[in-house]
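I am opening these notes to keep a record of what I look up, entry by entry. I begin with the domains and then go on to helices, strands and single residues.

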Amino acid sequence: MSDNRTLLTDMAAGLFADLAGKPFDVAWPQVAEAGFSTLLVPEDAGGFGGDWGDVLAVLRLAGLNALAAPLAEPVIAHYLLAKAGIAAPEGLISIAAPGSRVPYGRHAAAVVHVADGTLSLYHADACAFDEGLSPAGEPWDGVTFTGAAAATAACDIDLQALGAFARVAQASGALEAAFTLAIDHVNTRVQFGRALAKFQAVQQAMAEFSEEAAAVDASAAACAAALDYGHASFEIAAAKLRMGIAVDRAVPIAHRMHGAIGFTIEYALNHLTRRLMGWRSEFGGDAFWAERLGKRVAGLGGHGLWREMAARTDRLVG
Amino acid sequence: MQIFPLHPFRPEGDIPALRQQVRDLVAQHESRWPIELRANCWFSFDEEFSKALGQAGLLGMTWPKQYGGHERTLLERYVVLEELLALGAPAGLHWIADRQTGPLLLRYGTEAQREKYLPGMARGEIYACIGLSEPGSGSDLASVRTSAKKTNEGWRINGQKVWTSGAHKSHAALTLLRTEEGSERHTGLSQMMIDLDTPGITIRPIIDMTGTHHFNEIWFEDVLLPHDALVGVEGNGWKQVVAELALERSGPERYLSSHMLLVALIDAMGPEPDAPTAQLIGRLTAEMWTLRQMSMSTIAKLAAGEDPVVEAAIVKDLGNAYEQALPRAVQAAVDADLAGKSDLSRLLSWILVASPSFSLRGGTPEVLRGIIAKGLGLR
């Protein structure tokens, strides 16, 4: 854990709570100003010098507050550029992973693209965006590179996987927030003469909800530990897939608990559940990660799967 | 409120070497194990293997040396357990003694009880079962009626226990009894360690739906126990039992009961499965991997002296759901011949039928979710 984590999370918690419900043009300048983009850039290169545990903590808070601004994207972009020794341009830098659209592409000053072992930095004037929106209404833009890269470098990092980790981290926060909304609702909403929370059927559903939030929390933290160790491809594939399962099970419960109240645009729940439903598909959906992980496991063999999993946690010890 | 902050699992000692020790031991014995014995393997019996584990110092691992234990850590013991389960090693004979009865005697038992039972348990030679359920007392354990009456000669036991796993293979039963006549619910209950060769005890088999003799009913007819059969404090039985049950909810056995079927599926589909099969294997792996992180986190919390009641119930409920869904998912995806002779066919057929039991032992989903809801402040 980085020494500055408490400081970092206190700052993020305060800022993101202030920005909850604020649109991109209000939220992004403040997120940029706070300097989160250089979270993973080493201190001697002018960054925060954080680790992946810090990234998880901050992204979790962003998800918890349904932050309507890019955060994972510039953090990952600045990290990759610093590793490649390429100076980061001013402004928002987003990421283009193979097969994925570019979050907030239309607002980006530059885009980092990684494919076939090469990192390329494109300025906005070298990008043509096919504008689209995620289910949460966030820019999710296809990109065609129409000009030359401003810089390139060899890069063996799986950008798709880092994006997937970011979505797992954000989902862990969004699930907690949706769960908290549901708890508050069932504890206060009275029907049939008693609080909804007094009904066993409601208690059972809420317990199931908590289990799914717990699974995403645990898998996100295990990914961060593996990323800090240096290799997390197995963990991220499993965690992104588990996140998809959790969204599948938990989002319907969140809405069931709230009835029609949770289906309005004014009520906060939709900002969380629409994001969760979108993140499930972003940076590789269930089928993509299931096939990738399944093929890898098939290559390990029946007992090889267990040996691999055990070795991957044993390496974190000592 | 973060529901499941991951607690790091950081055992001391040479963990890879400990895993290898278990794997080597399994390799020495596995030739005599039919594939069905290796599924749901903490309910399968092999006396020779239990004794071999004892000899290797892998039972009673955390207990003091003076009682035959090895003074190793809870986390080292966890590593041994998960290796045994992942390899489908029959661990049922010593399971209860090693997991529950031994630790409970260490916590509440008298010096004489510890000396009498623990060294044999740690050698893999003395086995125990747990007398809790009764014909009228299943999930609602506080309603037990089997009675122990204090007399000058000792305790007089009368009544009946049921669903007692492994009683026919056990030397002793740690039994919950009503020691205060006329007491209600959680009061007036006590635990006693009952040697099963005591006159007046009759053990009858109950054959389960897999055709296996695992369950038993135990009849007590004027059974006379010495006064020092009492474990812990008279009247404190409920509290002791609840603590015992909470400790057993988060272990690797809560998600690995079907693991050998996943092993067989992967091997049967080969190194280059088609996309749908790869996706199925990927999904099952993702769930199992996540459960392992959660289970390890929970034992690490226990080892650190915390009391993760909600986390443990979450691990068990999610884990049981996974290990029960696994055979159904394999059946839905693979055109398996359930009467076939392949490992995959035999395991699938066996585990499909055995799997309803996975979410019964240690609390049904409804009971567990009630515990979780209470922990979340909903009751």
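The entries below follow the order in which I looked things up.

**Entry 1: what kind of model, and its domains.** I note at the outset that this is a predicted model. For chain A, I looked up the domain assignment and found that the chain is divided into domain 1, covering 5–154, and domain 2, covering 159–314. The C-alpha centres of domain 1 of chain A and domain 2 of chain A lie 22 Å apart, and the contact takes 23 residues from domain 1 of chain A and 26 residues from domain 2 of chain A. On the side of domain 1 of chain A that touches domain 2 of chain A, I find that helix H3 (52–64) and helix H4 (72–84) of chain A each supply at least two residues, with the largest share, ten residues, coming from H3(A). Sorted by class, this side of domain 1 of chain A has 16 nonpolar, five polar and two charged residues.

For chain B, the assignment gives domain 1 (15–126), domain 2 (130–237) and domain 3 (249–375). I also wrote down that the C-alpha centres of domain 2 of chain B and domain 3 of chain B lie 31 Å apart.

**Entry 2: the contact of the two chains.** I then asked how many residues of chain A are in contact with chain B. The count is 42 residues of chain A, in contact with 48 residues of chain B. The elements of chain A that give two or more residues to this side are helix H5 (159–188), helix H6 (200–229), helix H7 (233–258), helix H9 (286–300) and helix H10 (302–314). H6(A) gives the most, with 15 residues, and by class the side of chain A that touches chain B has 24 nonpolar, ten polar and eight charged residues.

**Entry 3: H5(A) against H8(A).** Two packed helices are described by the angle between their axes and the distance between the axes. I looked up both for H5(A) and helix H8 (residues 269–279) of chain A, and their axes come within 9 Å and cross at roughly 150 degrees, in a crossing that is left-handed. From H5(A) the contact is made by Arg167(A), Gln170(A), Ala171(A), Ala174(A), Leu175(A), Ala177(A), Ala178(A) and Leu181(A), and from H8(A) by Leu269(A), Leu272(A), Thr273(A), Arg275(A), Leu276(A) and Trp279(A). These residues divide into ten nonpolar, two polar and two charged.

Is H8(A) largely enclosed or largely open? Eight of the eleven residues of H8(A) are buried, so H8(A) is largely enclosed by the rest of the structure. Among the buried residues of H8(A) are Asn270(A) and His271(A), together with Leu272(A) and Trp279(A), and what covers the buried residues includes H5 and H7 of chain A.

**Entry 4: strands.** In chain A, I found an open sheet of three strands in the order S2-S6-S5, with antiparallel pairing; the edge strands are S2 and strand S5 (127–130) of chain A, each of which pairs on one side only. Four bridges join S5(A) to strand S6 (residues 140–145) of chain A, and in this region Ala128(A) stands opposite Thr144(A) in S6(A).

In chain B, strand S2 (residues 147–150) and strand S3 (residues 155–162) pair in the antiparallel sense over four bridges, with Asn158(B) in S3(B) as the bridge partner of Ser147(B). S2(B) and S3(B) form a hairpin with four residues between them, and Gly154(B) in the turn has a positive phi of about 155 degrees. S3(B) also pairs in the antiparallel sense with strand S7 (residues 213–225) of chain B, over seven bridges, and there the bridge partner of Ile157(B) is Val223(B) in S7(B).

**Entry 5: single residues of chain A.** I looked for positive phi outside glycine and noted Tyr104(A), with phi near 55 degrees, in the loop between strand S2 (102–103) and strand S3 (110–115) of chain A. Tyr104(A) counts as buried because it has 20 C-beta neighbours inside 10 Å, and 20 is the cut-off for that label. Phe192(A) also has a positive phi near 55 degrees, and its place is in the loop between strand S8 (190–191) and strand S9 (194–195) of chain A. Phe192(A), with 8 C-beta neighbours inside 10 Å, therefore counts as exposed.

Lastly I checked Ala17(A), which lies in helix H1 (residues 5–19) of chain A and counts as exposed because it has 12 C-beta neighbours inside 10 Å. Ala17(A) and Ala62(A) are 45 residues apart in sequence and 8.7 Å apart in space, C-alpha to C-alpha.

Definitions and conventions. Residues numbered from 1 in each chain as written. Chains lettered and ligands numbered in written order. Predicted model: local features only at pLDDT ≥ 70, side-chain atom pairs only at ≥ 80, totals over all residues. Pairing = 2+ DSSP bridges. Domains from an automatic or database assignment. Contact = placed C-beta atoms within 7 Å. Nonpolar A, V, L, I, M, F, W, Y, C, P; charged D, E, K, R; others polar. Axes fitted to C-alpha atoms, helices over the stretch in contact; angles between N-to-C directions. Left-handed = near helix turned anticlockwise from the far one by under 90°.
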